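User: Please take me through the reasoning behind the descriptions used for this structure. I would like each term set against its criterion.

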Amino acid sequence: MLDLLRIDYSSWGENKMEKNTDVIIGLAYGDEGKGKVATYLSKDADIALRCTGGNNAGHTIQIDGQKLVFHLVPTGIINQDTIGIIGNGTVLDLNVLVEEIKKLENLGVDISKLKISTRAHVILPYHLIEDQMQEKLKGNGKVGTTGRGIGPAYADKINRIGFRMKDLYEDDFEEKLKRNIENKNRIFKVFEMPTINYEEVLEKLNIQKAVLKPHIVDTVAYLQDNADKHIVVEGAQAAMLDINLGDYPMVTSSNPNIGGILNGSGISLQRINKIIGVVKAYASKVGEGPFITEQDNKTGDLIRTLGHEFGSTTGRPRRCGWLDLVSLKRVSQINGITDLNLNHLDTVGKLDKIKLCTAYKYKGAILTTYDDKIIGHEDEVECIYEEFEGNFDAENITEYDKLPEKAKTYVKRIEKVTGIPVTYIGTGADNKHMIVRK
Ligand code: IMO
Ligand code: MG
């Protein structure tokens, strides 16, 4: 019989609840510039973590003029002593992951620091076909997805027919893969989509499995064992794209909000320190669906040109408009945002006038807080704007005191309406072009 007295349970009593995790969350429709503040904050971090979404994300950073685009690996891994973790809440296209690893290796990044969760789900080639097929079948109701197979991979996870990273190495993997491919092919034939060849998929997967094997770990256990370490979580997608709390159905298939981050990493609420919400000084969106402050006109075109608003994942021109504080207040409350990061302040300075939406008018009533009764009627909502003077030069400024008064007026108004300090301000493309207010 097992001698229970000899088992060492002493670590059970340890309090491992230090508040050492800072989280970065996009608060609009994505592409807010999360990578920049993530790289900045993870300079002092032991661990940089991505735990939501997949390669629908495109996080661009620029260091001394050199542009780098990340899709899956947390940007913080470029800091020499920062470990990179891809958590259990993600969906991983192994073609993209292996490619990204190679690119980082070529840049001299020590990729042995990368850990991938045993429980992260795998995007398979049939998910990309399903993504296309679903969009086609939706007709006018298409979402305008990134086409990366994200929704179908999460759907299979929920349907319990997905593969976690660890499943790829199990004895029954080939049998299960074959069954999935056969079943998917039956559907593809009905809808006249291309079919998938099992042998080809398997051959490629076997090569990728060998490359990735040394990186696969139980990241939940790793994060628990490293409870004293400083973690920076790089959120992907954004609050308005959240499947539960965003503009459903014009959303992504994951939970970019704080709840998704906890679930996607296994980090407990008690470890969270700061929750930094990222927005641009204007607004942008790719894909279909509501965008109340959209400027589908010359102003929007000008913002797109000045802000270089073309997708880093798909190259699509982004829809542009004004910052919406009604929505920002709502998502900040949902996420418990402690600090704001306002990017592209330099860009709005190049406009004559800047507008901030501070209320909605809907069916004669003024709404200063978001209300679900506008769902499906967003195009009947009239925005109430406050207007600010543009024509200021904030480009590349790194100290708040050196900002022109007009720029400060704009920042202060955002702080006043949201009640949240704007701690980080982006003033240019390069990572170093950022104001950090203590
Ligand atoms: P980052 O992390 C911008 C959008 C797509 C589409 C919708 C659903 O770079 O901010 P999906 O392929 O996820 O099923 O598409 O969500 N979308 C993003 N838009 N930035 C992103 O990520 C996005 N991830 C998804 O454009 O409207
Ligand atoms: Mg993007």
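**Ligand shell and a central question of terms**

Analyst: In this predicted model, the shell around ligand 1 is made up of seven nonpolar, 10 polar and three charged residues. The shell holds 20 residues, and the closest are Asp 31, Lys 34, His 59, Thr 146 and Thr 252.

User: What makes the pair formed by ligand 1 and the side chain of Lys 34 a polar contact?

Analyst: A polar contact is a pair of N or O atoms within 3.5 Å. An oxygen atom of ligand 1 is 2.7 Å from an N or O atom in the Lys 34 side chain, so the pair meets the criterion. A polar backbone atom of Asp 31 is 2.8 Å from an oxygen atom of the ligand. The protein covers 98% of the 550 Å² of accessible area that ligand 1 has on its own.

User: Why is ligand 1 said to lie between domain 1 and domain 2?

Analyst: Domain 1 (21-119 + 218-436) and domain 2 (121-215) both give residues to its shell, so ligand 1 lies between them.

User: Why is strand 15 called mostly covered?

Analyst: Buried means under 20% relative accessible area. Five of the five residues of strand 15 (residues 339-343) are buried, so the strand is called mostly covered. Asp 339, Asn 341 and Asn 343 point one way, and Leu 340 and Leu 342 the other way.

User: How do you know that strand 15 pairs with strand 19?

Analyst: Pairing requires at least two bridges. Three bridges join strand 15 to strand 19 (residues 422-426), so the two pair, and they run parallel. Leu 340 stands opposite Val 422 in strand 19.

Note on methods: Residues are numbered from 1 along each chain as its sequence is written. Chains are lettered from A and ligands numbered from 1 in the order in which they are written. This is a predicted model: local features need pLDDT of at least 70, side-chain atom pairs count only at pLDDT 80 or more; totals for chains, interfaces and linings use all residues. Side-chain values use heavy atoms; hydrogens and water are left out. A residue is near a molecule or strand if one of its heavy atoms lies within 4 Å of it. A polar contact is a pair of N or O atoms within 3.5 Å; within protein, one must be able to donate a hydrogen and the other to accept it, and residues adjacent in sequence count only if both atoms are side-chain atoms. Accessible areas come from the Shrake-Rupley method with a 1.4 Å probe; for residues, only the protein chains shown count as cover. Ala, Val, Leu, Ile, Met, Phe, Trp, Tyr, Cys and Pro count as nonpolar, Asp, Glu, Lys and Arg as charged, and the others, Gly among them, as polar. Domain bounds come from an automatic or database domain assignment. Buried means under 20% relative accessible area, exposed over 50%, partly exposed in between (1.4 Å probe, protein chains only). Helices (H or I, at least four residues) and strands (E, at least two) are DSSP runs, numbered from the N terminus.
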